[in-house]
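Subject: Structure handover and notes

Dear colleague,

I am passing on the structure we discussed, and my notes follow directly after it. Please read them with the model open beside you.

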Amino acid sequence: MIQLNRSRANGLAILLSTVAIFGAMLFSSLPSFAAETPTPSPSASNANELLIKGTIKNEGEGVAGISVHITGNGLDAKATSGADGKWQLEVQKAGVYKVEIMLETLPKGVGLRDPETTVREADLTVTNTAAVLFPLGKDTRVIQPLSEQIIVRVFSGLNLGLLLAVAAIGISLIFGTTGLNNFAHGEMITFGALFTWLFYVALGWPLLVSAVLTLILSAAFGWSQDAGLWKPLRKRRLGLNQMMIVSIGFSIVLRYILLIAFGGETKVISGTFQSVQLGPINTTVNSLVSMLVSVITLAGVAWFLTRTRIGKATRAVSDNSSLAAATGIDVERIIRVVWVVAGALTGLAGMLYGLQFQANWLTGFQILLLLFAAVTLGGLGTALGATVGALIIGMVVEVSSLLIPGDLKYAAALIILILVLLVRPQGVLGKKQRIG
């Protein structure tokens, strides 16, 4: 009970410090960030020690006797999980280490949920603690027929594509109405994932309450960005290239604020995996619910843009803002609505991503390139195009792993993007425009 209360107190402290940091960032000068450095956890015995650690679980229970091999920076050592499945190793130098799980130490009939990932990286260049997780489950180290492998990869591609689509629509709407390529979009996704962890795991609130609060905060975050930064820059008639540079710097600031507030450890939001078998597809309840929510969300956005007055006005501003203003549409009001909607959508995408996988301070940054690829492939400025592009990118990323190493699957998506743009520069659903 004491530990639970302490966890909730720490979670509340993180919430308050993060709100203070974001408020200072948007409405005061940057030097004020230094005053909001979180207080180190009282449980840390030595703030300077460098630790690589993890927890190995199967069906929610810790597994003892699993060995991991850690190498890098002159280190060659092993660690073994205890009765609770936890292991850790103290290292002497900051750097990036490789952690390999020793498959021969796994219990009979138990394997990795991702059999292709036996080696993970532990990055101790910016934090003192790096968490490395190897989720276990039913042994999948079997040779499947090619047809079944294709089915599994197509399902995974659809899942990833839907997640990317929810996040990419926000980029597309912002670009369509303002012309801004917002490189801080990835941090908005991270914002949603980490705040879901804060409310749901750290504070122990119900998932539905945590989800609603996360969406409200994400929408408010989008509103505050436009009110505190982008609208003043538009009034000064700053060029789009300069604003893009500002967004890159803004993304770096946000990224490290999230690191300071939440730490560099990987956050597990999903809890115990509830496995579901659909023919050759081995998935989880979290994944199925996430896909359903994504489909409903995309349908809701389509209805909003085609059936409501604000949605139609948004499309008019995206097509021609000057003409829309001449017909009486309040362009600035529409842009503000777009930022609120984009903030809510990215928060939802971060939440769904965290509930399926894991979350850390780099979650959104790691998939940002895929989001821009999806938007560009589908056609800049079109919400439907962003959805189509995201589904294509998701499929290519997952299905291509049947032919190339998993580490190169993101590169395959970018190659497809280049080939499509060589044939159709405006994207799949984009419109041709005459320049000059």
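How many helices and strands does the protein chain have? The model is a predicted one, and in it the protein chain has twelve helices and 13 strands. Of the 436 residues in the chain, 45% are buried. Among the contacts with a separation of 6 or more, 71% are between residues 24 or more positions apart.

Strands and sheets

Strand 7, residues 96-101, pairs with two other strands, and I would suggest looking there to begin with. Four bridges connect it to strand 4, residues 67-72, in an antiparallel arrangement, and V99 of strand 7 is the bridge partner of I70. With strand 9, residues 119-123, strand 7 also pairs in the antiparallel sense, this time over five bridges, and here V96 stands opposite D123. In a regular strand the side chains alternate between the two faces of the sheet. In strand 7, the covered face is made up of Y97, V99 and I101, whereas V96, K98 and E100 belong to the uncovered face.

A separate point concerns an open sheet of three strands, which has the order 6-1-10 and mixed pairing. Strand 6 (86-91) and strand 10 (129-131) are at the edges and have a single partner strand each, so one side of each is left without a neighbour in the sheet. From one strand to the next, the twist averages 20°. Strand 1, residues 50-55, runs parallel to strand 10 and is joined to it by three bridges, with A130 in strand 10 as the bridge partner of I52.

Helices

Helix 3 covers residues 185-202, and at 1.5 Å a residue its 18 residues should span 26 Å; the end C-alpha atoms are 25 Å apart, which agrees with that expectation. Because 16 of its 18 residues are buried, helix 3 is largely enclosed by the rest of the structure. The helix is followed by G204, which has a positive phi near 75°.

The same check can be made on helix 11, residues 383-399, where 17 residues at 1.5 Å each should span 24 Å, and the end C-alpha atoms are indeed 24 Å apart. Its buried residues include A383, G385, A386, T387 and G389, and further along I393, V396, V397 and E398. Which helices do the buried residues of helix 11 pack against? They pack against helix 2 (146-178), helix 6 (285-307), helix 10 (363-378) and helix 12 (409-423).

Helix 6 comes up again with S294, which lies in it. Is S294 buried or exposed? Its relative accessible area is 1%, and it is therefore counted as buried, the cut-off being under 20%. Leaving aside residues up to four places away in sequence, S294 touches L162, L163, V166 and L352.

Helix 6 also packs with helix 7, residues 309-319, at an angle of about 80° and with the two axes 5 Å apart. The two helices are therefore roughly perpendicular to each other. On the helix 6 side the contact is made by F304, L305, T306 and R307, and on the helix 7 side by R309, I310, G311, K312, T314 and R315. By class, this contact has three nonpolar, three polar and four charged residues.

Two loop residues with positive phi

Most residues other than glycine have a negative phi, and most peptide bonds are trans. Against that background, two residues may be worth a look. N73, in the loop between strand 4 and strand 5 (75-80), has a positive phi near 55° although it is not a glycine. With a relative accessibility of 39%, N73 counts as partly exposed. R237, found in the loop between helix 4 (207-235) and helix 5 (240-262), is likewise not a glycine and has a positive phi of about 55°. R237 is exposed, as its relative accessible area is 76%.

With best regards

Methods: Residues numbered from 1 in each chain as written. Predicted model: local features only at pLDDT ≥ 70, side-chain atom pairs only at ≥ 80, totals over all residues. Heavy atoms only, no water. Expected span 1.5 Å × (residues − 1). Buried < 20%, exposed > 50% of the residue type's maximum accessible area, 1.4 Å probe, protein only. Contact = heavy atoms within 4.5 Å. Pairing = 2+ DSSP bridges. Axes fitted to C-alpha atoms, helices over the stretch in contact; angles between N-to-C directions. Parallel < 35°, antiparallel > 145°, perpendicular 65-115°, else oblique. Nonpolar A, V, L, I, M, F, W, Y, C, P; charged D, E, K, R; others polar.
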